[in-house]
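User: Could you take a close look at the strands and sheets in this model for me? I would like to see how they are put together, and then what else turns up in the structure.

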Amino acid sequence: MGMTKKKNAPKYKIEGFRGIFIFLFGLSGIINILALTGALYMMQIYDRALTSGSISTLVALSVLAVGLYLFQGFFDIVRSQILIRLGARLDTELAPLAHKVVIEMPRYGYSTSEAMERGRDVDTLRGFLSGQGPIALFDLPWMPIYLIFVWLLHPMLGMLTVGGALILAILTILAEVLTRRHSQSMVKATVARNSVADSNARNSEIMHAMGITGRAVKRFEAANGRHLECQTATSDIGGTLSGLSKVMRMVLQSAILGLGAYLAIRGDMSAGSIIASSIVTARALAPVDQVIAQWKSVVAARRSRNRLDETLAVINDTSDHVELPAPHKSLSIENITTVAPSTGAVLLSEVTLQLKAGQALGLIGPSGGGKTTLARSILGIWPVLRGSVRIDGADLSQWTENFFHSHVGYLPQDVALMDGTIADNISRFAETPDAREIVRAAQNAGIHEMIVHLRDGYQTELGPHGTALSAGQRQRIALARALYGDPFLIVLDEPNSNLDAEGEEALTRVITKVRERGGIVVIVAHRPSALQAVDMVGLVQNGRLVAFGPKDEIVQPTKVLPIVVDRKPSTAGLKSMSAE
């Protein structure tokens with residue numbers, strides 16, 4: 001399933017861009033008018049200074065030409081610097097929004113590499129604005145100035161120049177048509193290659209231990225080969241058309257010189273006009289030649305702009321949301337159906353339950369039954385297809401991001417710590433972390449003593465993925481992160497999978513304390529020890545909540561686990577947790 005557009009997309013338009021582009025267009029007009037200096041200078045040299053033999057005239061013309069060249073160079077520098085700063089401003093404005101979508105995309109079934117490719121769109125646009133592509137595009141509309149100039153020298157020269165410009169325009173259209181299909185294939189090949197590379201990097205330990213590094217390299221080699229094929233095809237088209245345009249431009253310049261000489265012999269134009277027409281013709285066709293040479297970057301920038309528009313359109317704009325009071329009452333799930341983001345397969349169907357403040361729910365059931373999907377749905381990680389998840393009666397869509405930062409704690413099944421210190425991770429990288437809250441969360445998770453015995457204590461750098469710590473230590477730090485700030489709703493997905501007896505005791509104390517202070521806990525469990533402090537149990541089987549109620553009613557050692565698929569939750573007893 002793809003990412004769907006939101007009704008309230010963020011307002012990411014940068015005020016003043018249109019005015020800047022209009023200014024640059026006008027500035028390009030001045031630059032192109034000043035570019036006639038060389039042609040006019042040569043005309044005056046041949047037709048006035050040489051015929052009169054006046055040194056003073058030559059000096060005056062030369063001084064004037066140098067002054068005009070300096071003005072042209074100055075305006076060229078100004079235009080280039082404006083474009084560079086425009087790219088930087090675009091990056092500053094859009095990069096954070098694009099990166100937010102990069103973070104969100106994996107929730108919708110996109111690969112990490114594809115998400116990162118979207119994030120690079122801002123870099124592509126910034127690089128394009130800093131290059132020669134925009135300059136060529138700004139110069140292109142001013143071609144008529146040169147065509148009119150050549151036409152005024154002689155209509156035949158003008159017609160020849162217009163004909164050459166039309167041929168180059170056709171080459172530009174061919175460049176667009178021929179590269180479009182290949183560029184799309186190249187994007188797909190790039191994403192596929194990066195996906196293989198990312199997967200290899202994340203699983204380096206497994207590949208080394210199982211001796212599959214060589215096969216992994218071959219997989220990357222095959223993906224890289226497909227990428228190179230697409231890139232070569234695109235470059236071949238661009239290079240071929242660019243070479244043809246250069247040849248056409250040189251042929252046209254020679255033709256202009258030859259025709260000009262013929263007209264001068266007949267007395268229809270002066271010798272200075274021959275040189276001037278050749279210079280102006282070259283300048284008139286240069287933007288077309290540059291556009292063809294830069295067409296690959298033009299196509300890439302346009303593709304990035306379109307994808308960036310699509311990317312930013314999926315972000316919810318919560319700036320106009322009313323800030324709701326801190327939750328303190330209930331969690332209710334109303335007939336939710338959740339599908340797998342990548343395939344659209346139904347993983348959870350018509351689940352309904354309600355928890356009040358001070359309650360803890362243990363989700364049990366066979367592997368693949370839908371427990372983790374339910375946990376993700378509760379947190380909005382996987383958006384529900386139908387139904388709603390409500391906190392204190394308000395749908396999740398009504399809560400701002402600040403709600404999740406302050407009132408929700410989550411311990412995922414696959415623990416992932418971020419590159420930073422232990423304190424950073426526990427405090428969720430808060431701008432102004434509360435040291436007391438950090439220590440208290442670590443103490444509640446039973447990890448404080450371990451942390452202070454490290455050389456740098458809470459300032460210990462974890463590095464990428466926190467691989468310097470054991471799996472149990474990472475899980476308990478992640479548990480402390482979930483507890484930071486005493487959130488109202490805490491969701492724990494197999495929180496004791498890597499814990500020893502001491503860690504499980506700490507987990508039981510945590511759940512008890514959360515209930516005592518009026519919070520709600522949802523635990524996905526495979527081991528019975530995780531359910532000691534819960535009061536409610538739900539059996540999730542085949543994507544349905546087939547049993548839900550008080551633990552004493554659901555988990556009864558004297559009764560046998562029923563295999564039921566009824567839509568309505570029942571309170572049939574379970575023989576034991578081992579029956580999962």
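Analyst: Happy to help; here is a walk through the sheets, followed by the cavity and the aromatic side chains. Please keep in mind that this is a predicted model.

Let's start with the sheet of six strands. This sheet is open, its strands follow the order 6-7-8-3-9-10, and the pairing is mixed. At its edges are strand 6, covering 408-411, and strand 10, covering 544-550, each of which pairs on one side only. From one strand to the next, the twist averages 15°. Inside that order, strand 3 (residues 360-364) sits beside strand 9 (residues 536-541), and these two pair in the parallel sense over four bridges. If you want a spot to zoom in on, try Gly362, whose bridge partner in strand 9 is Val537.

Now for the other sheet. Here four strands make an open sheet in the order 2-1-4-5, and the pairing is antiparallel. Strand 2 (346-356) and strand 5 (394-395) are the edge strands, each pairing on one side only. Between them in the order come strands 1 and 4. Strand 1 (residues 330-339) runs antiparallel to strand 4 (residues 386-391), and five bridges join the two. A good place to look is Thr337, which has Arg386 as its bridge partner in strand 4. As general background for both sheets, strands pair through backbone hydrogen bonds, in either a parallel or an antiparallel sense.

Next, the space inside the protein. The structure holds one cavity of 30 Å³ or more, and the largest cavity contains about 30 Å³ of space. Its lining draws on Val322, Glu323 and Leu324, together with Gln398, Trp399, Thr400 and Phe403. Sorted by class, that lining has four nonpolar residues, two polar ones and one charged one.

Finally, the aromatic side chains. Searching the whole structure gives four aromatic pairs. One aromatic cluster is formed by Phe71, Phe74 and Phe75. There is also a charge placed over a ring: Arg376 lies over the face of Trp382, 4.7 Å from the ring centre.

To revisit the sheets with all this in view, you can compare the two bridge partners directly on screen: Gly362 with Val537 for the parallel pairing of strands 3 and 9, and Thr337 with Arg386 for the antiparallel pairing of strands 1 and 4.

Methods:
Residues are numbered from 1 along each chain as its sequence is written. This is a predicted model: local features need pLDDT of at least 70, side-chain atom pairs count only at pLDDT 80 or more; totals for chains, interfaces and linings use all residues. Side-chain values use heavy atoms; hydrogens and water are left out. Rings of Phe, Tyr and Trp (its six-membered ring) pair if their centres lie within 6.5 Å; planes under 30 degrees apart count as stacked, over 60 as edge-to-face and the rest as tilted. A charge sits over a ring if NZ of Lys or CZ of Arg is within 6 Å of the ring centre and within 35 degrees of the ring normal. On a 1 Å grid over the protein atoms alone, a cavity is a set of points where a 1.4 Å probe fits but cannot get out, and a pocket is an open set with protein on both sides within 12 Å along at least five of seven lines; lining residues have an atom within 4 Å of a point. Grid points are joined across faces, edges and corners, and a volume is the space filled by probe spheres set on the points. Ala, Val, Leu, Ile, Met, Phe, Trp, Tyr, Cys and Pro count as nonpolar, Asp, Glu, Lys and Arg as charged, and the others, Gly among them, as polar. Two strands pair if DSSP finds at least two bridges between them. Axes are lines fitted to C-alpha atoms, for helices over the stretch in contact, and angles run from 0 to 180 degrees between N-to-C directions.
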